[in-house]
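Subject: Structure for you to look through

Hello,

I am passing on the structure that we talked about, and below it I have written out what I found. Please keep it open while you read, so that you can follow each point by eye.

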Amino acid sequence: MRALATVAAAAGALLLLASPARGQTDPRLADAVRMAQEGQSDSARVHVRQLLDATSPGDTLYPQILYTQAMVADNAGDMRRQLQRVAVEYSSSTWADDALLRLVQMDYATRNFDGAAHNLEKLRLDYPATSLLAQAAYWAGRTYFDMNNPSQACRWLADGMAQSRNDVELQNQLSYMFQRCDLRNDSTVASQTSADSAKADSSKADSARADSAKARGRGGRAVFQVQVAAIATASGAEDAARKARGLGYKTVTVKEKGLYKVRAGGFATRAEAQAAAARIKAKLGGSPFVVAGS
């Protein structure tokens, strides 16, 4: 019993101390969270309960109250119940994605990695435009690495890095975990052992070199590139660049906001760059995307 209480307390502490998904928009609810953080948890719960009782379930404020009630709950069971109500009963509200992310954090804290993964994928599928994707990617990286599923971890991390360019701290956290990612698609490499596959790869590499040269020789400068990776270390960036060069692309590495960004090719049209991005993704994995070149 003591062990379970410790785990529940850890889950609660994680939710209050973790970087907030989003701050309460109603000042009365923001005050309740502040009271809980300052040790006045009982007063905070009374404050939220009174507000909940005075609000109609059909009011747009109701799911935010439920979410705040979860944030100030005194046990993990109540916390989870309120978050699940927001995620299920008010799935179209602006607080549903926040609730899912908090459930992910709770599941991770209690080492329920399957539950965390389920809610992560629900968040991605049901709320593809959520502003919480980069934060979710941090927890996805930790969850899937602990589940020994690095391909899913790295896919999430790459997407999160692309979404967190204005948050240096989060970008650094994601890129630190991303160092564990090997851009090589091992299953693809292992399956290409026949002489015919080797010849096909060589032919494709030659074609890529020709396409790149053609793009630069059309009388205009190449205006698109493919960003292959954004990595925190120079050695990791060089490894990614080497793999891209192995596919026949010229590479350049630029350092921006503490990250080494590896970019491949030089393409005259976006369509050519998108085709190259698809090929790089198929061969190396990750989430390469088209950027304006120089």
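The side chains of T130 and D97 are joined by a polar contact of 2.8 Å, where a polar contact is a pair of N or O atoms within 3.5 Å, of which, within protein, one must be able to donate a hydrogen and the other to accept it, and residues adjacent in sequence count only if both atoms are side-chain atoms. This is a predicted model, in which local features need pLDDT of at least 70 and side-chain atom pairs count only at pLDDT 80 or more, while totals for chains, interfaces and linings use all residues. Residues are numbered from 1 along each chain as its sequence is written, and side-chain values use heavy atoms, with hydrogens and water left out.

To stay with T130, its side chain also reaches the backbone nitrogen of L132 at 3.0 Å. T130 sits in the loop between α7 and α8; helices (H or I, at least four residues) and strands (E, at least two) are DSSP runs, numbered from the N terminus. With a relative accessible area of 11%, T130 is buried, a word that stands for under 20% relative accessible area, as against exposed for over 50% and partly exposed in between (1.4 Å probe, protein chains only). If residues up to four places away in sequence are not counted, T130 touches D97 and L123, and contact here means heavy atoms within 4.5 Å.

L123 leads on to helix α7, since it is one of the buried residues of that helix, together with F113, G115, A116, A117, N119 and L120. What covers these buried residues includes α6 (96-109), α8 (133-146) and α9 (150-163). How far apart should the ends of α7 (residues 113-126) be? At 1.5 Å a residue, its 14 residues should span 20 Å, and the end C-alpha atoms are 20 Å apart, which agrees; the expected span is 1.5 Å times one less than the number of residues.

Helix α9 brings us to the disulfide, and the structure holds one. C154 and C181 form it, with their sulfur atoms 2.0 Å apart, and a disulfide is defined as a pair of cysteine sulfur atoms within 2.5 Å. C154 lies in helix α9 and C181 in the loop between α10 and α11 (186-191), so the pair ties together parts that are 27 residues apart in sequence. The link is left-handed, with -100° about the S-S bond. C154 is buried at 11% relative accessibility, and C181 is buried too, with a relative accessible area of 13%.

Next comes the sheet. Four strands form an open sheet in the order β2-β3-β1-β4, with antiparallel pairing, and two strands pair if DSSP finds at least two bridges between them. The edge strands are β2 (251-256) and β4 (289-292), each of which pairs on one side only. From one strand to the next the twist averages 40°, where axes are lines fitted to C-alpha atoms, for helices over the stretch in contact, and angles run from 0 to 180 degrees between N-to-C directions.

Strand β3 (residues 259-267) pairs with β2 over six bridges, and β1 and β3 also pair over six bridges. Across from β2, K255 stands opposite Y260 in β3 and E256 stands opposite L259, while the bridge partner of V226 in β3 is A264. Two residues lie between β2 and β3 in their hairpin, and K257 in the turn has a positive phi of about 50°. Is β3 largely enclosed or open? Eight of its nine residues are buried, so β3 is largely enclosed by the rest of the structure.

Two helices lie across this sheet. Helix α10 (residues 168-178) lies across β1 (224-231) and β3, running at about 85° to β1, whereas helix α14 (residues 270-284) lies across β1, β3 and β4, at about 35° to β1.

A residue of helix α13 (residues 234-246), A244, is buried at 0% relative accessibility. Leaving aside neighbours within four places in sequence, A244 is in contact with V228, Y249, T251, A264 and L284.

As for the whole, the protein chain has 14 helices and four strands, and 44% of its 294 residues count as buried.

Best wishes
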